[in-house]
Amino acid sequence: MTSRAVRPCRLPPSFFARDATDVAPQLLHKLLRVDTAAGSVDVRILEVEAYTQDDPASHSFRGPTARTASMFGPPGRLYVYLVYGMHHCMNIVTGREGDGQAVLVRRVLVPGVARHRTDGPGKLTRELGVDRSSDGAQARVIDDAAPVPVAMATPRIGITKAVDWPRRWLAPWPSVTPGG
DNA sequence: AATCTGATCGTG
DNA sequence: ACGATCAGATTA
């Protein structure tokens, strides 16, 4: 019996044109291609949170602003913002254009990088060199047919509104390494 | 114009 | 438990 050979495929924009609460858990174990100073790197997505427009904890709750413009833009693009004046958070925009939805990437696995360096939303952007210059850029998410974990939604981290909404999904640990 | 509040992280 | 550090939101 030959080993399974699945051609990794880039997720189309239609994948993201759904509610963030539907898209978020499906992003677990997908690969996100990021341009770094060292070149293009595929990182494994291990933790996400969903933010929708009806969510008091969401930046989109009070309508679009200059900062959140990309969150209301076409799905499948990045929404990158500065939190607490010093850390960047990376999101993937979901829903239809005009919706204010996104999935926050909270933890990833990077080939050759200790996992404690990318186990938080601010830490992973620092490690990868992602900042506001990536805001609005096309997100490149690759499905390499890694096993899809059964993830249960849990409450989100670091918010003070809608604290008990189950909109955070974690990949089981241990997890497969990127590219393998 | 002044103040408050963060989708965080490192240090103590 | 707290400070860093800045932008959006709120209050006046």
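The following legends describe close-up views of a predicted model.

**View 1. Trp169 and the residues around this side chain in the predicted model.** Trp169 belongs to strand E9, which spans residues 166-170, and has a relative accessible area of 7%, so this residue is classed as buried. Leaving aside residues up to four places away in sequence, Trp169 touches Thr21, Ala24, Pro25 and Leu28, as well as Leu46, Glu47, Val48 and Ala50, and its contacts also include Ala151, Met152 and Ala153. The C-alpha atom of Trp169 is separated by 9.5 Å from that of Gln26, although these two residues stand 143 residues apart along the chain.

**View 2. Asp144 and its polar contact with Arg44.** Asp144 is found in the loop that runs between strand E7 (140-143) and strand E8 (154-155). With a relative accessible area of 18%, Asp144 falls under the 20% limit and is therefore counted as buried. The side chain of Asp144 makes a polar contact, at 2.9 Å, with the side chain of Arg44. When residues up to four places away in sequence are not counted, Asp144 touches Pro8, His29 and Leu31 in addition to Arg44.

**View 3. The aromatic pair of Phe15 and Phe16, with Arg18 over one ring face.** The structure holds 2 aromatic pairs. In the pair shown here, the ring centres of Phe15 and Phe16 are 5.1 Å apart and the ring planes stand at 80 degrees, so the arrangement is edge-to-face; the angle meets that description because planes over 60 degrees apart are assigned to this class. Phe15 has a relative accessible area of 13% and is buried, while Phe16, at 1% relative accessibility, also counts as buried. Arg18 lies over the face of Phe15, at a distance of 4.8 Å from the ring centre.

**View 4. The protein surroundings of DNA strand C.** Arg62, Thr65 and Arg67, together with Tyr84, Gly85 and Met86, surround DNA strand C. Of the atoms of DNA strand C that come within 4 Å of the protein, 67% belong to sugar and phosphate. A polar side-chain atom of Arg62 is placed 2.8 Å from a phosphate oxygen of the strand, whereas for Tyr84 a backbone N or O atom lies 2.4 Å from a base oxygen of DNA strand C. By residue class, the surface near DNA strand C comprises 2 nonpolar, 2 polar and 2 charged residues.

Methods: Residues are numbered from 1 along each chain as its sequence is written. Chains are lettered from A and ligands numbered from 1 in the order in which they are written. This is a predicted model: local features need pLDDT of at least 70, side-chain atom pairs count only at pLDDT 80 or more; totals for chains, interfaces and linings use all residues. Side-chain values use heavy atoms; hydrogens and water are left out. Helices (H or I, at least four residues) and strands (E, at least two) are DSSP runs, numbered from the N terminus. Buried means under 20% relative accessible area, exposed over 50%, partly exposed in between (1.4 Å probe, protein chains only). Contact means heavy atoms within 4.5 Å. A residue is near a molecule or strand if one of its heavy atoms lies within 4 Å of it. A polar contact is a pair of N or O atoms within 3.5 Å; within protein, one must be able to donate a hydrogen and the other to accept it, and residues adjacent in sequence count only if both atoms are side-chain atoms. Ala, Val, Leu, Ile, Met, Phe, Trp, Tyr, Cys and Pro count as nonpolar, Asp, Glu, Lys and Arg as charged, and the others, Gly among them, as polar. Rings of Phe, Tyr and Trp (its six-membered ring) pair if their centres lie within 6.5 Å; planes under 30 degrees apart count as stacked, over 60 as edge-to-face and the rest as tilted. A charge sits over a ring if NZ of Lys or CZ of Arg is within 6 Å of the ring centre and within 35 degrees of the ring normal.
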